Amino acid sequence: MNTTPSSTWHFTSAATSDGIAEPTPGHGGRPGPGQQAGAIRRAHAAGKRALVLGGGGSAGNAWEIGVIAGLFDAGLDVTEADLIIGTSAGSTAAAQITGAAQPGELLASILAAAPQPRTGLAGSGGGGVPDVPVADLLERTSAIIGAAEDAADMRRRMGAAALDMDAAWGSSRQTQRRATVAARLPSQRWPQRPMLIVAVDAHTGEPVVFDRHSGVDLADAVTASCAGPGCPAHSIGGSRYIDGGYRSNENADLAAGYGRVLVLSPLGGRSRAPLEWGIHLAAQAGELRARGSTVETIFPDSSSRDAFGANLMDPSTRPPAARAGYNQGRALAGQLTGFWC
């Protein structure tokens, strides 16, 4: 366990005296800025403990489920958090652990999956992302990051690149991708407890937060949050969205105001963005602590990193990553009980 880590959300409609935009109706499937502010305000007023689930591909999702199941079996149920924040693969994990299935059932489902050969491709073979060499995707996105002036410019450039993929993908493959994501969720309904799913508007580069009051289906919110490198922007109504990880891999700063914040970061708090952009987990955790929160982070240990291999998008890594995460969760439960309970 590591005890370590932001950028600010901007709203464009008229703001109240506390600097948060007044609620306004969404349009074209996009929650209005006031609705996004409302989602964050509701979350901040909800309770004391927040669970943050960061992005990290197929392996990262499986690892997060494993850690949560390991903690659960050792007597620590972090699924009872007052707020859950999910980004990219973490948004899938968030939707999974707030459904009807118990952590152990989610873990068993991963471990029971048919073995798959290791691959250097980013594709899942199930409609999630295309079969593109990971090295190619890293090269393309690194070039975009290198050319960007700041984080907002990077998000706009990532959105433009995703929109350029429309012709290659076509509507049928995009529909298939949503169906693939939906099939991974134990429930298609938003949970009653506060849960925030983070994405980015592909046209403007603005961060977007979805919750159960956004008027967006849970499967659409998760599909949008997972629209990362190699995927086209996801359509919701008349708007298009890309991976929430382009704003931050964890978006832990959305837990501001919570006394205890537990962050699971499959990427170990790392980011390819320049440090001065302030979107690294260390910066976000520091900001939370400065505001009075106690923050604990769980990063993959050496066994988990070995299970991940070089390609976190490779579905063959899921069973070993989940198993390693489970062992890590069981081992950490005793250290975290005093913090969480």
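## A briefing on cores, strands and side-chain pairs

Setting aside neighbours within four places in sequence, Leu264 touches Leu51, Val52, Leu53, Gly54, Trp63, Glu64, Val67, Ile68 and Ile298. Keep in mind as you look around that this is a predicted model. Leu264 is a good place to start, since it is among the residues with the most contacts inside the largest nonpolar core. From there we can visit a strand called E6, then the aromatic pairs, the salt bridges and the cysteines.

**Nonpolar cores**

- The largest nonpolar core is made up of 52 residues.
- Leu51, Leu53, Phe210, Leu262 and Leu264 have the most contacts inside this core.
- Two of these, Leu51 and Leu53, also appear among the contacts of Leu264 listed above.
- Another core, of 19 residues, lies apart from the largest one, and its members include Leu196, Val198, Val261 and Val263.

**Strand E6 and its partners**

- Strand E6 covers residues 239-243, and five of the five are buried, so the strand is largely enclosed by the rest of the structure.
- Strand E3 (residues 195-201) runs antiparallel to E6, and three bridges join the two.
- To find this pairing in your viewer, look for Val200, which stands opposite Ile242 in E6.
- E6 is also joined by three bridges to strand E5 (residues 234-236), again in an antiparallel arrangement.
- Here Ser235 has Arg240 of E6 as its bridge partner.
- E5 and E6 together form a hairpin with two residues between them.
- Gly237 sits in the turn of that hairpin and has a positive phi of about 60°.

**Aromatic pairs**

- The count of aromatic pairs in the model is three.
- One of them joins Phe210 and Tyr241 edge-to-face, with the ring centres 5.3 Å apart and 75° between the planes.
- This pair links distant parts of the chain, as Phe210 belongs to strand E4 (residues 207-210) and Tyr241 to strand E6, 31 residues apart.
- Both partners, Phe210 and Tyr241, are buried.
- Phe210 may look familiar, as it was named above among the residues with the most contacts in the largest core.
- Another aromatic pair, Phe339 with Trp340, is tilted, at 6.1 Å centre to centre and 50° between the planes.
- Phe339 has a relative accessible area of 11%, so it counts as buried.
- Trp340 is buried too, with a relative accessible area of 1%.

**Salt bridges**

- Side chains of opposite charge can pair when their charged atoms come close.
- In this model there are seven salt bridges.
- Asp153, Arg156 and Arg157 are linked in a network of them.
- Within that network, Arg156 meets Asp153 at 4.0 Å, N to O.
- These two residues lie in helix H6 (residues 151-163), three residues apart, which is about one turn of the helix.
- Arg157 also meets Asp153, at 3.0 Å, N to O.
- Arg157 and Asp153 are four residues apart in helix H6, so about one helical turn separates them.
- How buried or exposed are the members of this network? Asp153 counts as buried, at 12% relative accessibility, while Arg156 is partly exposed at 39% and Arg157 is partly exposed at 36%.
- Elsewhere, Glu287 forms a salt bridge with Arg291, and their closest N and O atoms are 3.5 Å apart.
- Glu287 is partly exposed, with a relative accessible area of 29%, whereas Arg291 is exposed, at 57%.

**Cysteines**

- The number of disulfides in the structure is zero.
- Cys226, for one, is in no disulfide, and the nearest cysteine sulfur, belonging to Cys231, is 8.5 Å away.
- A disulfide would need the two sulfur atoms to be within 2.5 Å.
- Cys226 has a relative accessible area of 18%, so it is buried.
- Cys341, by contrast, counts as exposed, at 60% relative accessibility.

Terms used. Residues are numbered from 1 along each chain as its sequence is written. This is a predicted model: local features need pLDDT of at least 70, side-chain atom pairs count only at pLDDT 80 or more; totals for chains, interfaces and linings use all residues. Side-chain values use heavy atoms; hydrogens and water are left out. A nonpolar core is a set of buried Ala, Val, Leu, Ile, Met, Phe, Trp, Tyr and Cys residues joined through side-chain atoms within 4.5 Å. Buried means under 20% relative accessible area, exposed over 50%, partly exposed in between (1.4 Å probe, protein chains only). Contact means heavy atoms within 4.5 Å. Two strands pair if DSSP finds at least two bridges between them. Rings of Phe, Tyr and Trp (its six-membered ring) pair if their centres lie within 6.5 Å; planes under 30 degrees apart count as stacked, over 60 as edge-to-face and the rest as tilted. A salt bridge is a side-chain nitrogen of Lys or Arg within 4 Å of a carboxyl oxygen of Asp or Glu.
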